[in-house]
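Reader: Please take one part of this model and look at it closely. I would like the helices first, and then whatever surrounds them.

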Amino acid sequence: MKTPGRLQPLVDEGLVDTVVRQLMSGKEAAVYVVRCGEETRCAKVYKQATHRSFRQAVDYTENRKVKNTRQARAMAKGTRFGRQATEAAWQNAEVDALYRLAAAGVRVPKPYNFLDGVLLMELVADAHGDAAPRLNDVLFTPEEARAHHATLVREVVRMLAAGVVHGDLSEFNVLLAADGPMIIDLPQAVDAAGNNHASRMLLRDVANLRNFFGRFAPDLLDTNYGAEIWDHYVRGDLHPEIELTGRYVQEHAAVDLASVMREVEDALAEEKFRRQQLAV
């Protein structure tokens, strides 16, 4: 196919030989299958993200540092330059998270390069060598659901042990590769120690996995891995090989109504976005 303008710099730099086809296009990015020498990879071309509310963006970007003080001031004021800087920081967050998690052995696509708003990375393939489907597009037996759920809970632990919370983990951003689930889409990843919303996001990530796989294996709906994982993290004894039970019982405390309402609002916003994704 004709090389899209945003991919031309990668061709000029010799990072990409040919563009094979467009794999998908959403509000956040368009993804292309490309050839790089003898390898087939994918190129994620970021768009201006318009689906995030200001409050949600603040939750995710809390404590993200910008070294350039001019950029920081512009981002705080919301000027045109500031919005561009904010979007660049959002894209860089995914790139940084991918490199950090890949180094920690987390099942994420291997990143190769990032140039002019285009992320070049591994193409996640299924057993036939085709682009892997999202979990949402696959039906599972109870045994398969339990196995994939266990794999992903272990990956959540590995991510948190590396200091990262995905922040938006669900059946829509996990691909079923030939050798098991692969986690994708990390621009909203947060630093577990530096973001006050990290615990809430991790609990939501794990709940999303439980609820999805619970459709196929209802016994998973009675598990409570999220709270157990976060408790170990807070205690300082979380590590990738830790044995979990999924039977964690939380101590009861006074209900924070504001937090409950915030969760409801987030759930409604996520459901709206999921429906938009399905319509793409």
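Author: What follows starts with one helix, moves to its partners, and ends with the sheet and the cysteines.

The model is predicted. The protein has 280 residues, and 45% of them are buried. Its secondary structure comes to eight helices and nine strands.

Start with helix α6. It covers residues 198–213, which makes 16 residues. From its first C-alpha to its last it reaches 23 Å, close to the 22 Å expected at 1.5 Å a residue. How many of the 16 residues of α6 are buried? Twelve are, so the helix is largely enclosed by the rest of the structure. The cut-off for buried is under 20% relative accessible area. The buried set opens with Ala198, Arg200, Met201 and Leu202. Arg204, Asp205, Val206, Ala207, Asn208 and Leu209 also belong to it, as do Phe212 and Phe213. Charged residues are therefore among the buried ones, including Arg200, Arg204 and Asp205.

Helix α7 comes next. It spans residues 225–235, and eight of its eleven residues are buried, so α7 too is largely enclosed by the rest of the structure. The buried residues are Tyr225, Gly226, Ala227, Glu228, Ile229, Trp230, Asp231 and His232. Which helices do the buried residues of α7 pack against? They pack against α5 and α6. Just after α7 sits Gly236, with a positive phi of about 85 degrees.

That brings in α5. This helix has 20 residues, which should span 28 Å at 1.5 Å a residue. Its end C-alpha atoms are 29 Å apart, which agrees. Its buried residues include Ala145, His148, His149, Leu152 and Val153. Further along, Glu155, Val156, Val157, Arg158, Met159 and Leu160 are buried as well. An α-helix has 3.6 residues a turn, so residues three or four places apart point the same way.

His149 ties these helices together in the contact list. It is found in α5. Its relative accessible area is 2%, so it is buried. Leaving aside neighbours within four places in sequence, His149 is in contact with Leu209, Arg210 and Phe213, and also with Leu220, Thr223 and Tyr225. Leu209 and Phe213 are on the buried list of α6. Tyr225 is on the buried list of α7.

Now follow α5 to its end. Gly163 comes after the helix, and its phi is positive, near 90 degrees. Gly163 lies in the loop between α5 (142–161) and β6 (164–165). Is Gly163 buried or exposed? At 13% relative accessibility, it counts as buried. Outside its neighbours within four places in sequence, Gly163 is in contact with Arg100, Val190, Asp191 and Ala192. Gly194 is 31 residues from Gly163 in sequence, and 9.3 Å away in space, C-alpha to C-alpha. For the protein, consider contacts between residues at least 6 apart in sequence: 63% of them join residues at least 24 apart.

Turn to the sheet. It is open, has five strands, and runs β1-β2-β3-β5-β4 with antiparallel pairing. The edge strands are β1 (18–25) and β4 (111–115), each pairing on one side only. Neighbouring strands of the sheet are turned by 25 degrees against each other on average, direction ignored.

Two pairings show the detail. Strand β1 is joined to β2 (residues 29–36) by six bridges, and the two run antiparallel. A hairpin of three residues links them. The bridge partner of Thr18 is Arg35, in β2. Strand β3 (residues 39–46) is joined to β5 (residues 118–122) by five bridges, again antiparallel. There, Val45 has Val118 of β5 as its bridge partner.

The cysteines come last. How many disulfides does the structure hold? It holds zero. Cys36 is in none, and its nearest cysteine sulfur, that of Cys42, is 9.5 Å away. That is too far for a bond. Cys36 counts as buried at 11% relative accessibility. Cys42 is buried too, with a relative accessible area of 5%.

Finally, the outside. The accessible surface of the protein comes to about 14700 Å², and 52% of it belongs to carbon and sulfur atoms.

Key: Residues are numbered from 1 along each chain as its sequence is written. This is a predicted model: local features need pLDDT of at least 70, side-chain atom pairs count only at pLDDT 80 or more; totals for chains, interfaces and linings use all residues. Side-chain values use heavy atoms; hydrogens and water are left out. Helices (H or I, at least four residues) and strands (E, at least two) are DSSP runs, numbered from the N terminus. The expected span of a helix is 1.5 Å times one less than its number of residues. Buried means under 20% relative accessible area, exposed over 50%, partly exposed in between (1.4 Å probe, protein chains only). Contact means heavy atoms within 4.5 Å. Accessible areas come from the Shrake-Rupley method with a 1.4 Å probe; for residues, only the protein chains shown count as cover. Two strands pair if DSSP finds at least two bridges between them. Axes are lines fitted to C-alpha atoms, for helices over the stretch in contact, and angles run from 0 to 180 degrees between N-to-C directions. A disulfide is a pair of cysteine sulfur atoms within 2.5 Å.
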